[in-house]
Amino acid sequence: MTTNRLSLQNSIRQWVDIDHWNHPFGVTLTLKQRVWIDNDRGRHGVTLTPEDGSRNLRHFLNVLKKQVYGSSSRRFGKQLPVIPVLEGGGTKRLHYHLVMDCPRDDLIEVFPSMVVQTWRKTVWGHDQTHITPCDKGWVSYITKLRDKPDFGSSIDWLNCHNPH
C-alpha cells in the first residue's frame, strides 16, 4: 500500500511541471465548515462536504478566469493553469492548496488580491487565505502524503488544469 502511494505521489510530482508556467503562485484557500441557509422552513445549518468544496472551487475559478481573460475565457475556452489539492477533514478544517498560474504579466502584482477577493465572495470561502509566488518546493508540499486519507482522491481532478 505505501509503495503504491509513493509511486502515485512521484508520478503526480513529475506530471505537475511548473517550469514553463508564466508566474506560478502557491495558494491556500480555507473553506467554511458550515453555512446557514434561510428557506421556507426556517434557518438551518449545512455542513460542508468535499463535493460542496469542489463546486465552490469551480465557481471561484470560473469567476477568476473571467476576470483574467474577459469574454475570451468563454469564447475560446481559456483556462487558468491550476492544480488543486484538498486537505483536512475530521478534526482539521477542509482547505485547498493550489498551484495556480498568473498567465498575464500585467496582472502579476494584483493577482494575489484578485484571488483573495474572489474567494471571499464565494459561499464556502473562509477568510483564511495565503498566496505567494512558488516553485517546485510548493508542489512537493501540496503533494505530501499526510493530511490526506486517500492521496489519489485528494487532488481535485474536476478542477485541475495542467496545460502541458
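In helix H2, the buried residues (under 20% relative accessible area, 1.4 Å probe, protein chains only) are Asp52, Gly53, Ser54, Asn56, Leu57, Phe60, Leu61, Leu64, Lys65, Val68 and Tyr69. The model is predicted: local features need pLDDT of at least 70, side-chain atom pairs count only at pLDDT 80 or more, and totals for chains, interfaces and linings use all residues. Residues are numbered from 1 along each chain as its sequence is written, and side-chain values use heavy atoms, with hydrogens and water left out.

H2 is a DSSP run of type H or I with at least four residues; strands are E runs of at least two, and both are numbered from the N terminus. The end C-alpha atoms of H2 are 28 Å apart, which agrees with the span of 28 Å that its 20 residues should give at 1.5 Å a residue, counting one less than the number of residues. After H2 comes Gly70, with a positive phi near 70°.

H2 also contributes to two pockets. A pocket is an open set of points on a 1 Å grid where a 1.4 Å probe fits, with protein on both sides within 12 Å along at least five of seven lines; lining residues have an atom within 4 Å of a point. A volume is the space filled by probe spheres set on the points.

| Pocket | Volume | Largest share of lining |
|---|---|---|
| Largest | About 410 Å³ | H2, five residues |
| Second largest | About 150 Å³ | H2, four residues |

Of the 24 residues lining the largest pocket, Pro50, Glu51, Leu86, Ser153 and Ser154 lie nearest its centre. Helix H2 (50-69), strand S4 (82-89), strand S5 (92-101) and helix H6 (151-154) each give two or more residues to this lining. The lining of the second largest pocket includes Arg58, Leu61, Asn62 and Lys65, along with Cys160 and His161.

Note on methods: Buried means under 20% relative accessible area, exposed over 50%, partly exposed in between (1.4 Å probe, protein chains only).
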